[in-house]
Structures are given as structure tokens and as C-alpha cells.
Amino acid sequence: MKKREHYSEKTDEELITLTLQDNKYYLYLMERYEKKLLRYIMRISSLQKEDAEDVLQETFIKAYKNMNDFDVSLKFSSWIYRITHNETINFLRKNRVIKNAINNAFNEEEIGSLVSEINQEEEFENNALKGRVQEILNAMDEKYKTVLVLKFIEEKSYKEISDILQKPSGTIATLINRAKKQFRELADANF
Amino acid sequence: MTLSEKTFEKIGKEEITPIAKWKFFLKNVAVWTTGVFVIIAGGIVTALTIYRVRDSDWGVYKNLGESPFIYTIRILPYVWIIVVILFIAIAYYNVRNTKGGYRYATHIIVFGSIFGSLLLGTAFFSLGFGEHIDAQIGISVPAYEYLGYNKQKIWTNPGEGLLSGQIIALRNSSSSFIIRDFTGKPWVIYSDPNARWDAFVLPRVGEQIKIIGKQETHDIFFASEIRPWKSLSDPNERKIFYLRTTK
């Protein structure tokens, strides 16, 4: 236990350096990101937990194999989110997935922050909208759903989203605006 | 057992190891080498395009009875323009595949590539690369002359007042001489006393020239303007020309 506490003080980048010397350190890095990434996969894909875990395992293995290619100008979290995102999209392309499945990957607080961001002009009744968030997100285009999740649920900055999705920051800003618009349109059609 | 522990076990059991650093290094070197090659090649092809466009005798559309637009469409060096566009597309793809390439907006990469090609192309053109490479391709690829602007065809239009060829004999200094056009036919040329002689053309045997004027009979042509067959954009060729004339 003491040992784990010791490694919790290390930064991601320090753990990468240590992992390249001894792979046991990779376990701590994986543990640090396991829950966050599993939720992220479920949020952008509607996958159930078992499938999401398969995707995450592939993600961790891919990240481990490519560790020597880690771009030091990036945050490790952006790099691992990027791999996770790409692996999830690959999985969705290769497998038939029920798009409208509800997997309860969002907690109330996160849904609240998304709704308050999108419903600033109070076009919709907040509580009713909160109850339909996942349904609306599932109906959205994948690219729009992803930016909303990254910005308002995962609380990533524009720079981080740009690094995760490998698109210029200006494009991210445009995508977020369009995503909000599509969310409102779908919410409007649903109420 | 957590997912992280299961994955860690799998990594150990399947003896998965990180890909060696040198493999990523080689990939990066390949991407950057391709980038440098594409920029240089794009610059050379742009120099060729500039040379071809400059060497296209923009003023003669009137003699051919064509509109400037039709003439422009006819003489544009499409092959080279397509190759330049291809190089810009490769440059774009290449930049996007560098580690931080995604950070730049599409229009910045595209306009940057166009600007880079124009800048380098202008530099190469002013060094005479465009002209030299054009001449070399002309020698190695016989069909090259017929791609895009067909200079010989345009300048073998005596009925429209355009003639070209090589001076084979001088009759009375510069006012009368004989040329053989590019189809092999000899012509007697009478040069008007007010005829304009380009600064880079000499009335001497062996000179290849272009003539604007009027056809008098089936083998007599009155010249009102005489230009060199090749426009001398290469500073070295200009120097050689001056040395030739001062001897």
C-alpha cells in the first residue's frame, strides 16, 4: 500500500520513463486512467461495460507498444485519450453496436453541467432535459457527441480536445458550436 | 482482479514489448525527407510552370484571332499545373502526418504550400532552372513539345502573321535574310526599316527567331517584329549572349 501511495505522487510522464525501464510501473499508470477511460468509452459509444473493457484493454496494450512514440509536447492524458478514442471508433466500425443503448455512463452532476451549458437561455425545462440527455446524445452525430462529452463532461480544454481528436483548435470551436446547435434541435424535436 | 491487472498479466504472458525507438525515428525521418523532397520538387515544377507561362507569347492571340481567354486556356501548361497541385496535395498529406501537423488549419497548410512553391519556384526560375529543365525534358521526351502550349505550331502560322525558324543566310545585312521554318520550308524575310528587333536577338546565321509580320507570297514574309525563339530568363544565358555580342 505504501508503495502505491509513493507512485501516486509521480507524474504520468515520470511513470512513462520508469515504465520504459521496468514494465511493472505501467500497472500504476493503467490504474490511474482505468475508470476515467472506461467511462469515456461508454459515453461516446453507448457500449456496455464488457465491450468497453475489451476496447480499453486494447487501448492499454496499444499505448504500451507505442510508448516510445509518446510525444513529449503533449500531456500523457491527451495522448491516452487519443488512443482510446481511435480504438473506440475502430471497434464501432468493426462491430454492430446498438446505437441507442443506455449504459448509465453519466452521473447527475456531469449531466447537470452539460445541460446548464447548453440550456443557458432556458429554452427547455432543466429537469426534463436532464432525463433525456443520454437519449439525445445517442441520436447525435458521433463527432458532435464526442466534442460535447470531452468539453462538458470530461472538462477538457480546447487545446486538449485538439490534441485528442487531432484537429486544429479553430475546428474544435466550430464543432462545439455545431454540436450545441444539434443538441438543441434534437431536444426541441423530443419535447 | 481489476482490468489494469488483467492487462498487465496479458502483457507479461504474451511478452508484449514497446516498439523500439529507432523505428519511430526512421518513420519520422521518412516523413520529413518526403516533405523536403516534395518542397524542392514542387519548387522546380513551379519554376518550369513560370517559365512555360512566361515563354507563351501572351500578345499574339490577336494575330490568331482568338480572345485572350481562349488563348489563355489554350496555352496554359496543364501538365505542370497538375503536377504542382499534386505536390501541394502530397505536402498537405505529409504535414498532416507529422506529429503536430493536425494543429494547423487546412487553409494554412494549403496556402503555405502554395506560397512556398511560388517562392522557391521564383527563386529557381530566376536561377534558370525552369528553362534548363524544360530544355532537358524536351530532349529526352519527344512528345513534350506537344503537351499544352505548342510553341512551334502557334509560330508556324504565316497566314496569321506568325513565323519562326532558323536564319540560314543573310542577304543584305538585317533588312533581308532567309530562314528555314520548323517544317523545313525556306522563307525570304524582308525586315521593315522600322521593324522592332528584340534586344536578345542578332541578325546572324544560326539564330533561332520568331517573327511577327505579314505573309506576302508563298515564300516571302515581311517582318515587323523579330524576337528570339527562346526568351532568355536564365541570367547565365543572358551573360553568354552579351559575351557573344561583344566579341
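## Exercises: one serine and one domain interface

The backbone nitrogen of A:Leu47 lies 3.1 Å from a polar atom of the A:Ser45 side chain. The model is predicted. Work through the exercises with the structure open.

**Exercise 1. Place A:Ser45 in chain A: which helix is it found in?**

Step 1. Find helix 3 of chain A, residues 25-45.
Step 2. Look for A:Ser45 within that range; A:Ser45 belongs to helix 3.

**Exercise 2. Decide whether A:Ser45 is buried or exposed.**

Step 1. Take the relative accessibility of A:Ser45, which is 5%.
Step 2. Apply the cut-off: buried means under 20%.
Step 3. A:Ser45 therefore counts as buried, at 5% relative accessibility.

**Exercise 3. List the surroundings of the A:Ser45 side chain.**

Step 1. Start with the backbone oxygen of A:Ile41, which the side chain of A:Ser45 reaches at 2.5 Å.
Step 2. Add the backbone nitrogen of A:Leu47, 3.1 Å from a polar atom of that side chain.
Step 3. Leave out residues up to four places away in sequence; A:Ser45 then touches A:Thr88, A:Leu92, A:Val97 and A:Lys145.

**Exercise 4. Describe how the two domains of chain A meet.**

Step 1. Set the bounds: domain 1 covers 10-94 and domain 2 covers 108-190.
Step 2. Locate the centres over C-alpha atoms; 23 Å separate them.
Step 3. Count the residues in contact: 14 from domain 1 of chain A and 15 from domain 2 of chain A.
Step 4. Take the area: the two domains of chain A bury about 1,400 Å² between them, with 47% of it on carbon and sulfur atoms.
Step 5. Find the main suppliers in domain 1 of chain A. A:Arg43, A:Tyr81 and A:Arg82 supply 39% of the area this domain buries against domain 2, more than any other three residues.

**Exercise 5. How many salt bridges does the rule find across the interface of domain 1 and domain 2 of chain A?**

Step 1. The rule finds three across this interface.
Step 2. Inspect the pair A:Glu110 and A:Arg43: they form a salt bridge, with the closest N and O atoms 2.3 Å apart.
Step 3. Turn to polar contacts between the domains: eight residue pairs, both residues at pLDDT 80 or more.

**Exercise 6. Which elements give two or more residues to the side of domain 1 of chain A that touches domain 2?**

Step 1. Name them: helix 3 and helix 5 (76-94) of chain A.
Step 2. Find the largest share: helix 5 of chain A gives seven residues.
Step 3. Sort the residues of this side by type: five nonpolar, six polar and three charged.

Terms used: Residues are numbered from 1 along each chain as its sequence is written. Chains are lettered from A and ligands numbered from 1 in the order in which they are written. This is a predicted model: local features need pLDDT of at least 70, side-chain atom pairs count only at pLDDT 80 or more; totals for chains, interfaces and linings use all residues. Side-chain values use heavy atoms; hydrogens and water are left out. Helices (H or I, at least four residues) and strands (E, at least two) are DSSP runs, numbered from the N terminus. Buried means under 20% relative accessible area, exposed over 50%, partly exposed in between (1.4 Å probe, protein chains only). A polar contact is a pair of N or O atoms within 3.5 Å; within protein, one must be able to donate a hydrogen and the other to accept it, and residues adjacent in sequence count only if both atoms are side-chain atoms. Contact means heavy atoms within 4.5 Å. Domain bounds come from an automatic or database domain assignment. Buried area is the accessible area (1.4 Å probe) that two parts lose on being put together, summed over both. A salt bridge is a side-chain nitrogen of Lys or Arg within 4 Å of a carboxyl oxygen of Asp or Glu. Ala, Val, Leu, Ile, Met, Phe, Trp, Tyr, Cys and Pro count as nonpolar, Asp, Glu, Lys and Arg as charged, and the others, Gly among them, as polar.
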